[in-house]
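Got your viewer open? Load the model and get ready to pick out a few pieces, one stop at a time.

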Amino acid sequence: MSHRSRLAGFIIDSQVDDLPAASAFWSAALGLKVTDPDDGGLGIYDKFEPGPGGLHIEVQKVTHEARVHLDIETDDIDAEVARLEALGAKRVQHVRNRWWVMEAPTGHRFCVVPMNEDSKRAKPNRWP
């Protein structure tokens, strides 16, 4: 059975106390409006309007070192995680029973998240 996946977007992980101030900076820097402050009601995500190519971009308040990470979206989380593990990635953390934080062989963290079928992003890759 095949599954699909594609780049979903970029998350700006920010070790800050003032999430709105961090989001205001990135909004001005990227020329994108914050469309959903406090997305999810947890006080840790500010979502922007879609970026170039429909990419999802948000600022996330974190306790770890500041960095930028990418999300890969898929219609089959288990299959995509297995595919990426076969390429050398490692599972790091299962988050809220919805997505996986993974680590590439290069040490970069990224997330595997559910597919947003309604997005205007590029056509997903189909994997065997």
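This tour visits a strand and its partners, then moves on to the nonpolar cores. Keep in mind as you go that the model is predicted.

**Stop one: strand β4.** Select residues 56-61, which make up strand β4. Is this strand largely enclosed, or is it open? Five of its six residues are buried, so the rest of the structure largely encloses β4.

**Stop two: the neighbours of β4.** Now add residues 3-14, strand β1. Strand β1 pairs with β4 in the parallel sense, over six bridges. To see where the two strands face each other, click on Asp13: opposite, in β4, stands Gln60.

Next, add residues 45-48, which are strand β3. Here the pairing with β4 is antiparallel, with three bridges joining the two. Try Asp46 this time; its bridge partner in β4 is Val59.

**Stop three: the largest nonpolar core.** Clear the selection and pick Ile72, Ile77, Val81, Leu84, Ala89, Trp100, Met102, Ala104, Phe110 and Val112, the ten residues of the largest nonpolar core. Which elements give two or more residues to this core? They are α2 (77-86), β7 (99-103) and β8 (109-114). The largest share, three residues, comes from α2.

Zoom in on Val112 while you're here. Leaving aside residues up to four places away in sequence, Val112 touches Ile72, Thr74, Ile77, Glu80, Val81, Leu84, Trp99, Trp100 and Met102.

**Last stop: another core.** Apart from the largest core lies another one, of seven residues. Select Leu19, Ala22, Leu32 and Phe48, which are among them.

Notes:
Residues are numbered from 1 along each chain as its sequence is written. This is a predicted model: local features need pLDDT of at least 70, side-chain atom pairs count only at pLDDT 80 or more; totals for chains, interfaces and linings use all residues. Side-chain values use heavy atoms; hydrogens and water are left out. Buried means under 20% relative accessible area, exposed over 50%, partly exposed in between (1.4 Å probe, protein chains only). Helices (H or I, at least four residues) and strands (E, at least two) are DSSP runs, numbered from the N terminus. Two strands pair if DSSP finds at least two bridges between them. A nonpolar core is a set of buried Ala, Val, Leu, Ile, Met, Phe, Trp, Tyr and Cys residues joined through side-chain atoms within 4.5 Å. Contact means heavy atoms within 4.5 Å.
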